[in-house]
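Grab a coffee and work through these short exercises with the structure open beside you. Try each task before you read its solution.

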Amino acid sequence: MPVLSKSETLNAFYQHKMVRFFLSAGIATVTDVLVYYTIINYVLKHQSIQFNQFRASAHEFTLTISYSVGIIVNFLITKYTVFNESNLKARKQFIRFATIAFIGFFANYALLRFFVELCGFWPT
C-alpha cells in the first residue's frame with residue numbers, strides 16, 4: 001500500500017462531498033456568529049430598532065441580518081464546492097436552498113426568544 005504525502009491525504013479527504021458540505025456549513029455558521037456578534041455589540045449596542053410604528057428588539061433584528069448573511073455564504077460555498085455538477089439554474093437552486101433555510105430561521109428565532117427573553121441568556 002503506497003504512503004500518501006500530507007497534501008495528497010488532505011486532497012483525498014477534501015474530495016469527499018460530505019466533507020465539503022460540512023466545511024461549507026461550518027464556514028457559514030462562523031460567518032453568521034461573527035456578523036451577529038459584531039452587529040449586536042458594536043452597531044446596535046443591544047438597543048432596539050424603531051421602523052415607523054414597528055419596533056424590533058436588537059436580538060431579533062440582528063438574527064435576521066446575520067442569518068441572511070449566513071444563508072448567502074452557505075449557498076455560494078455549497079453551490080461552487082459541493083454541488084458544482086448540478087445543471088439547475090442558480091436562481092432555482094437558491095430558491096430551494098432559501099426555502100429550507102427559511103424554515104430553519106423560525107427554529108432559530110424561537111430558540112433565541114426563549115433563551116434571551118425567558119431565560120435571560122444572551123448569545124454574546
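A residue counts as buried when its relative accessible area is under 20%, as exposed when that value is over 50%, and as partly exposed in between. Keep in mind that this is a predicted model.

**Exercise 1. Decide whether Q93 is buried or exposed, then list what it touches.**

Solution. Start by finding the residue: Q93 sits in helix 4. Next, take its relative accessible area, which is 11%. The cut-off for buried is under 20%, so Q93 is buried. Finally, look around it: setting aside neighbours within four places in sequence, Q93 contacts F75, K79, F83, S86 and L88.

**Exercise 2. Classify K45 and H46 by exposure, and work out what is unusual about their phi angles.**

Solution. First, place them. K45 lies in the loop between helix 2 and strand 1 (49-51), and H46 is found in that loop between helix 2 and strand 1 too. Now the exposure: K45 comes out at 53% relative accessibility, so it counts as exposed. H46 has 33%, so it is partly exposed. Then the backbone: phi is near 50° for K45 and near 60° for H46. Both values are positive, and neither residue is glycine. For comparison, most residues other than glycine have a negative phi.

**Exercise 3. Find which residues touch the most other members of the largest nonpolar core, and which helices supply it.**

Solution. The core has 14 residues, and those touching the most other members are Y36, L44, L63, Y67 and L112. Helix 2 (17-43), helix 3 (58-81) and helix 4 (90-118) each give at least two residues to this core. Now zoom in on L44: leaving out residues up to four places away in sequence, it touches I39, I49, A58, F61 and T62.

**Exercise 4. Describe the overall build of the chain, and compare its radius of gyration with that of a compact globule.**

Solution. Begin with the elements: there are four helices and two strands, arranged along the sequence as α-α-β-β-α-α. Next, the dimensions. A compact globule of 124 residues would have a radius of gyration near 14 Å, whereas this chain has 19 Å. Its C-alpha atoms fill a box of roughly 65 × 35 × 25 Å along the principal axes. Then burial: 26% of the 124 residues are buried. As for the surface, the chain exposes about 9000 Å², with 68% of that coming from carbon and sulfur atoms.

**Exercise 5. Count the charged side chains, and say how far apart the centres of the two sets lie.**

Solution. Tally each sign: there are 11 positive and 5 negative side chains. The centres of these two sets lie 9 Å apart.

Terms used:
Residues numbered from 1 in each chain as written. Predicted model: local features only at pLDDT ≥ 70, side-chain atom pairs only at ≥ 80, totals over all residues. Heavy atoms only, no water. Core = buried A, V, L, I, M, F, W, Y, C linked by side-chain atoms within 4.5 Å. Buried < 20%, exposed > 50% of the residue type's maximum accessible area, 1.4 Å probe, protein only. Contact = heavy atoms within 4.5 Å. Rg over C-alpha atoms; globule rule 2.2 N^0.38 Å. Areas by Shrake-Rupley, 256 points an atom, 1.4 Å probe, with all protein chains shown as cover. Lys, Arg positive; Asp, Glu negative; His and termini not counted. Charge placed at Lys NZ, Arg CZ, Asp CG, Glu CD.
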